[in-house]
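The following paragraphs lead through the structure shown here, moving from single residues to the sheet and then to the aromatic rings.

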Amino acid sequence: MPIQVDRSVVGKEYPPFPVTVERGKIKEFARAIGDLNLDDRVGAASAWGDVIAPPTFAVTFREERADAGALLRDLGVDISRVLHGEQEFEIFRQLTPGETYLCRTKVVDLYEKTGKSGPMAFVVRETAITDRTDEIVATMRHVTVIRL
C-alpha cells in the first residue's frame, strides 16, 4: 500500500536561522567543486573587494541547532523513502566572508507524479537568504522526492 504525505505542510514556514559565512569554508567548498580561483589578493582587487562564495555555496547552509527531521515528520514519511531531487539558486548579490545572513525556509508546493519505479511526491521548498538589512541576497529552491 502506497504511503501518503501530509499535504498540510504546503505554506509552512520553518524557524529562520542565521549563517555566518567563513572564509575557510568558502575555500573548502571551492576546492571540493574544483574552483581554484580563490586567491585573497585577487579577491581584494575584484569589484567585490574580497573573495566571493561560489554560486552553489548556499547549499551548505544548515541550521545547526534545528531538528533536521522536522520536514520529514511534518510530511509523515521515513528518510528511507527520500531522494534529493534538484536544487537551484538565484543570486542577487554575492555571498562574502564575514557576513551573517538569515535563512527563511517555506514549503511552497507538493505534487505527485508516477515514474518508472511508481508514484512519487515532490516537495518544493524555497529558502530566502537575507542580509542584516533584510534585503534578499539569494534564494534557493529545493526539490525533495519521496517514493510513495
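Tyr 14 has a relative accessible area of 16%, and because buried means under 20%, this residue counts as buried. The model is a predicted one, and the values quoted for Tyr 14 and for the other residues should be read accordingly. Along the chain, Tyr 14 belongs to the segment that comes before strand 1. Its side chain makes a polar contact of 2.5 Å with the side chain of Asp 74. Asp 74 is also among the residues in contact with Tyr 14 when neighbours within four places in sequence are left aside; the others are Val 9, Ala 70, Leu 71, Thr 105 and Val 107. As for Met 140, which lies 126 residues from Tyr 14 along the chain, the two C-alpha atoms are separated by 14 Å.

The segment holding Tyr 14 precedes strand 1, and strand 1 leads to the sheet. This is an open sheet of five strands, arranged in the order 1-3-4-5-2 with antiparallel pairing. Strand 1 (17-20) and strand 2 (82-91) each have a single partner strand, so they stand at the edges and one side of each is left without a neighbour in the sheet. On average, and with direction ignored, neighbouring strands of this sheet are turned by 30° against each other. The partnership of strand 1 with strand 3 (residues 100-115) is antiparallel and runs over four bridges. Within it, Pro 18 has Leu 102 in strand 3 as its bridge partner.

Leu 102 appears again in the surroundings of Thr 130, which touches Tyr 101, Leu 102, Arg 104, Glu 135, Ile 136 and Val 137, not counting residues up to four places away in sequence. Thr 130 itself lies in strand 4 (residues 118-130). Is Thr 130 buried or exposed? Its relative accessible area is 4%, and since the limit for buried is under 20%, Thr 130 is buried. With Arg 104, one of the residues that Thr 130 touches, there is also a polar contact of 3.0 Å between the two side chains.

After strand 4 the chain enters the loop that leads to strand 5 (136-147), and Asp 134 has its place there. The relative accessibility of Asp 134 is 48%; because this falls between the limits of 20% and 50%, the residue counts as partly exposed. The backbone of Asp 134 has a phi near 70°, a positive value in a residue other than glycine.

The aromatic side chains complete the picture. A pair of aromatic rings is described by the distance of the centres and the angle of the planes. Three aromatic pairs are found in a search of the whole structure. In one of them, the ring centres of Phe 29 and Phe 57 are 5.6 Å apart and the planes stand at 85°, so the pair is edge-to-face. Phe 29 is in helix 1 (residues 23-32), whereas Phe 57 is in the loop between helix 2 (40-45) and helix 3 (70-75); the pair thus links distant parts of the chain, 28 residues apart. Phe 57 also pairs edge-to-face with Phe 61, at 5.9 Å centre to centre and 90° between the planes. Phe 29 and Phe 57 are both buried, and Phe 61 is buried as well. Through these ring pairs, Phe 29, Phe 57 and Phe 61 are linked into a cluster.

A further ring interaction involves a charge: the charged end of Lys 113 sits over the ring of Phe 122, at 5.8 Å from the ring centre.

Methods: Residues numbered from 1 in each chain as written. Predicted model: local features only at pLDDT ≥ 70, side-chain atom pairs only at ≥ 80, totals over all residues. Heavy atoms only, no water. Helix = DSSP H or I, 4+ residues; strand = E, 2+ residues; numbered from the N terminus. Buried < 20%, exposed > 50% of the residue type's maximum accessible area, 1.4 Å probe, protein only. Polar contact = N/O pair within 3.5 Å; in protein donor to acceptor, adjacent residues only side chain to side chain. Contact = heavy atoms within 4.5 Å. Phe/Tyr/Trp six-rings, centres within 6.5 Å; stacked < 30°, edge-to-face > 60°. Lys NZ or Arg CZ within 6 Å of the ring centre and 35° of its normal. Pairing = 2+ DSSP bridges. Axes fitted to C-alpha atoms, helices over the stretch in contact; angles between N-to-C directions.
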